[in-house]
Amino acid sequence: MTQVPSIAEEQTAKSSSSSKSVKLRIAKYNPEHDGESKFMEFSIPYERWTTVLEAILKVKKHFDHSVAVRYSCRQATCGSCGMIINGKPRLACFTKISELDSDVVTVEPMNNFPIIRDLAVRFERLFDTHNKVKPYLIREDSEIKSNEKEFLQSPEEVEQYIQFSNCIKCGLCNSACPTMATDSSFIGPQALAQAYRYVADSRDKGKDTRLKIIDESHGIWRCHFAGSCSQVCPKGVDPAMGIQFLRGYLLGFRS
Ligand code: SF4
Ligand code: FES
């Protein structure tokens, strides 16, 4: 049985306002020599505002510096700290322990991503599929080279795609997607949402190119519309809606 180390006494000495502790269970796994993942447990004091990432960093500081976790901005901007927290894909820096309403917090690596070690996963597939849909404005070369023209848009035209431009490439949507779990070649909700982001941009001329890219055997038609991608997005992007709109273009309902 795993021992539960605690930093409660030390923390209490530093901060009298700390009143609660949570049991933090961290999945430890090194694919190079471990047969299966094991959980290490720690008792961590927390405040109302303490995030799961901060709790993991306390473990790294006080008990086990080898815990592998990726993070950078600590403010839900860089997209680095996605993981499964109590069974759901979430950003660790954007998830407060107090909001989970549980005495136990279990953290695991994201599903549908190869594990590097512990909570850190490989992002190559996500970035490959993201690049595949050409995530940039496509215009004629002559238009881009002549710096004389602005490509103005009305507020209504911006409204068509603006929520999709909030994507931080965290991969939570791909982690939640049941089709990603069964089809290792599926393009995935993140890339499809970004395809829609540019197809719906009135300044872009790459619609036909992108529609051709996603209209293939492991492309848009593999989506079963489970909708789990949209439920977990921390930035309010709705990949499932983007996928439906893209299907509208492909079926001739939108132009
Ligand atoms: S659509 Fe949302 S969940 Fe998916 S990668 Fe972008 S920000 Fe993350
Ligand atoms: S650390 Fe950047 S999104 Fe969490």
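## Helix H12

In this predicted model, helix H12 covers residues 239–250, and its twelve residues reach 16 Å from the first C-alpha to the last, close to the 16 Å expected at 1.5 Å a residue. An α-helix has 3.6 residues a turn, so residues three or four places apart point the same way. Within H12 the buried positions are Pro239, Ala240, Gly242, Ile243, Phe245, Leu246 and Tyr249, and the buried residues of the helix pack against H7, H9, H10 and H11. Just after H12, Gly252 takes a positive phi of about 85 degrees.

## The nonpolar core

The largest nonpolar core has 59 residues, among which Ile56, Leu192 and Leu246 touch the most other members. The element that gives the most to this core is H9, with seven residues. Because domain 1 (8–121) and domain 2 (124–250) both give residues to the core, it lies between them.

Leu246, one of the buried residues of H12, also appears among the contacts of Leu192. When neighbours within four places in sequence are left aside, Leu192 is in contact with Ile187, Ile214, Ile220, Pro239, Gly242, Ile243 and Leu246. Pro239, Gly242 and Ile243 are likewise among the buried residues of H12.

## Two domains and their contact

The domain assignment of the protein chain gives domain 1 as residues 8–121 and domain 2 as residues 124–250, and the centres of these domains, taken over C-alpha atoms, are separated by 31 Å. The contact takes 14 residues from domain 1 and 13 residues from domain 2. On the side of domain 1 that touches domain 2, strand E4 (residues 88–91) gives the most, with four residues, and the residues of that side divide into seven nonpolar, five polar and two charged.

## The surroundings of ligand 1

There are 13 residues around ligand 1, of which Cys167, Cys170, Cys173, Cys233 and Val237 come nearest. By class, this shell has nine nonpolar, two polar and two charged residues. Helix H7 (172–176) and helix H9 (189–199) each supply at least two residues of the shell; H7 and H9 are also among the helices against which the buried residues of H12 pack, and H9 is the element that gives the most to the largest nonpolar core.

## Positive phi outside glycine

Most residues other than glycine have a negative phi. Lys169, in the loop between helix H6 (155–159) and H7, has a positive phi, near 55 degrees. Where does Phe225, which also has a positive phi without being a glycine, lie along the chain? Phe225 is found in the loop between helix H10 (207–214) and helix H11 (228–232), and its phi is about 60 degrees.

The two residues can also be described by their surroundings. Lys169 is partly exposed, because 17 other C-beta atoms lie within 10 Å, a count between the limits of 12 or fewer for exposed and 20 or more for buried. Phe225 has 11 C-beta neighbours inside 10 Å and therefore counts as exposed.

## The chain as a whole

The secondary structure of the protein chain comes to twelve helices and seven strands, and its C-alpha atoms fill a box of roughly 65 × 40 × 30 Å, taken along the principal axes. Of the 255 residues of the chain, 36% count as buried. Among contacts with a separation of 6 or more, 68% are accounted for by residues 24 or more positions apart.

Technical notes. Residues numbered from 1 in each chain as written. Chains lettered and ligands numbered in written order. Predicted model: local features only at pLDDT ≥ 70, side-chain atom pairs only at ≥ 80, totals over all residues. Near = placed C-beta within 6 Å. Nonpolar A, V, L, I, M, F, W, Y, C, P; charged D, E, K, R; others polar. Expected span 1.5 Å × (residues − 1). Contact = placed C-beta atoms within 7 Å. Domains from an automatic or database assignment. Core = buried A, V, L, I, M, F, W, Y, C linked by C-beta atoms within 7 Å.
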